[in-house]
Amino acid sequence: MDSAAATGQEPGPPVTALERRIVVAGAVVAAVAVGTQTALHLLATLVFDASSGLPWWLDADHEGTPFTWGSGVATFAAAFVLALIVLVRNTAAPGLIVLAALIAYLSLDDVLSLHERFALTVGKRAFEDILRPEFIVRMWVLFYAPLVAVVAVLLFRMTRDRRPADGLVRLGLLLLALAVAFEVAGFGITWLADRSTTWPDSIEVALEEGAELGGWILIAAGLSASLVVEVADALRGARPPPERSATESRDEASALRSF
C-alpha cells in the first residue's frame with residue numbers, strides 16, 4: 001500500500017518533482033537563449049562589420065529582430081501564466097490582475113519600443129538644448145525603470161514561500177535589475193564610443209539584452225512552476241477527505257442491503 005494513502009495524505013513528491021523539472025528546464029532554456037544571443041551579437045559587432053554582408057538582425061541592439069521577439073514572447077508568457085493563476089485561485093486577486101496587465105503591457109512595449117519612442121520625443125522637445133543626443137536617446141530609463149520597479153515589487157511580494165519556483169522568479173528579477181544597471185552604465189561607455197572605442201558598447205549591449213531576455217524567461221518559467229503547485233493545491237482542496245469517502249461508501253452499502 002502506498003505510504004501516502006495509508007496516512008490519508010495526498011502524495012506531495014510528484015508535484016515537487018514536476019515543479020523542479022520546470023525550474024530546471026526554464027534555467028536551461030534561459031542559458032541557451034542568452035548564450036546564443038550573446039554569441040551572435042558579439043560575432044556581428046566585434047568580429048564582422050557592416051560591409052561583411054552579415055544580417056543586421058544579428059545585432060541585439062536593433063529593434064524588430066528575433067531577439068526582440070524572444071524577449072516579448074517570454075514577457076507575455078509570464079503575463080499569461082499569471083492570468084491562469086488568478087483563474088485557478090478563483091478568488092478576488094486585484095493585485096495579480098494588475099500585475100498581469102502590467103507585464104502584458106511590457107511585452108507590447110518590448111516589441112514596439114513604446115518607452116523609447118516616448119522618451120525620445122520628450123527629450124528632443126524639452127532637453128535638446130541642454131543634453132547631448134546620446135543622453136537623450138537613453139532617457140527611456142527614466143520612464144521604463146519605475147514601471148519595472150512596480151512589477152518587481154509585486155512579483156517579489158508574490159514569491160514568499162521559498163519554493164524552487166519562487167527562487168527562479170526572484171533570480172529573474174535580479175537579472176532585470178542588472179539589465180537596467182547595464183543600461184545606466186551605458187551613459188559612461190558612450191564617452192568611449194565617441195573616441196572610436198566601440199567594443200565596450202558592444203559588450204554592454206550584450207550584457208543588457210542578455211540579462212533582460214534571461215530574466216523574463218526565468219520569471220515565466222518560475223510562474224509556470226508556481227501554476228503547477230496552484231493547480232495541485234486546487235485539486236487537493238476539491239477532493240473529499242478519505243474519511244468522508246469511506247463513510248459515504250458504508251452508507252451506500254447499507255442502502256443496497258436494505259433493498
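Which residue's side chain meets that of Arg89 in a salt bridge? In this predicted model, the partner is Glu230, with a separation of 2.8 Å from N to O. The pair links distant parts of the chain, since Arg89 belongs to helix 3 (residues 66-89) and Glu230 to helix 9, 141 residues apart. Arg89 has a relative accessible area of 35% and is therefore partly exposed. Glu230, at 19%, falls under the 20% limit and so counts as buried.

The count of salt bridges comes to 2. Glu19 and Arg163 also meet through their side chains, at 2.5 Å from N to O. Glu19 lies in helix 2, whereas Arg163 occupies the loop between helix 7 (140-158) and helix 8 (164-193), so this contact ties together parts that are 144 residues apart in sequence. Glu19 is buried, with 0% relative accessibility, while Arg163 is partly exposed at 30%.

The chain as a whole contains 10 helices and 0 strands. Its pattern along the sequence accordingly reads α-α-α-α-α-α-α-α-α-α. Of its 259 residues, 35% are buried.

Residues from both salt bridges reappear in the second largest pocket, whose lining includes Arg89, Arg163 and Glu230. This pocket holds about 190 Å³ of space. Other lining residues are Met158, Thr159, Asp161, Asp166, Leu223, Ser226, Val229 and Asp233. By character, the lining divides into 6 charged, 3 nonpolar and 2 polar residues. Helix 9 makes the greatest contribution to the lining, with 5 residues.

Helix 9 also takes part in a nonpolar surface patch: helix 2 (13-47) and helix 9 (199-238) each supply at least two of the patch residues. The patch covers about 480 Å² and is made by Leu43, Leu46, Val47, Phe48, Ile203 and Leu207. Helix 2 gives the most, with 3 residues. Leu207, located in helix 9, has a relative accessibility of 41% and counts as partly exposed because this value lies between the limits of 20% and 50%.

A contrasting environment is found for Gly214, which is likewise part of helix 9. Gly214 has a relative accessible area of 1% and is therefore buried. Its C-alpha atom is separated by 9.6 Å from that of Leu171, although the two residues are 43 positions apart along the chain.

Technical notes:
Residues numbered from 1 in each chain as written. Predicted model: local features only at pLDDT ≥ 70, side-chain atom pairs only at ≥ 80, totals over all residues. Heavy atoms only, no water. Patch = residues over 30% accessible without salt bridge, like charges linked within 9 Å, V, L, I, M, F, W, Y side chains within 5 Å. Areas by Shrake-Rupley, 256 points an atom, 1.4 Å probe, with all protein chains shown as cover. Salt bridge = Lys/Arg side-chain N within 4 Å of Asp/Glu carboxyl O. Helix = DSSP H or I, 4+ residues; strand = E, 2+ residues; numbered from the N terminus. Buried < 20%, exposed > 50% of the residue type's maximum accessible area, 1.4 Å probe, protein only. 1 Å grid on protein atoms, 1.4 Å probe; cavity = no way out; pocket = protein on both sides within 12 Å on 5 of 7 lines; lining within 4 Å. Points joined across faces, edges and corners; volume = space filled by probe spheres on them. Nonpolar A, V, L, I, M, F, W, Y, C, P; charged D, E, K, R; others polar.
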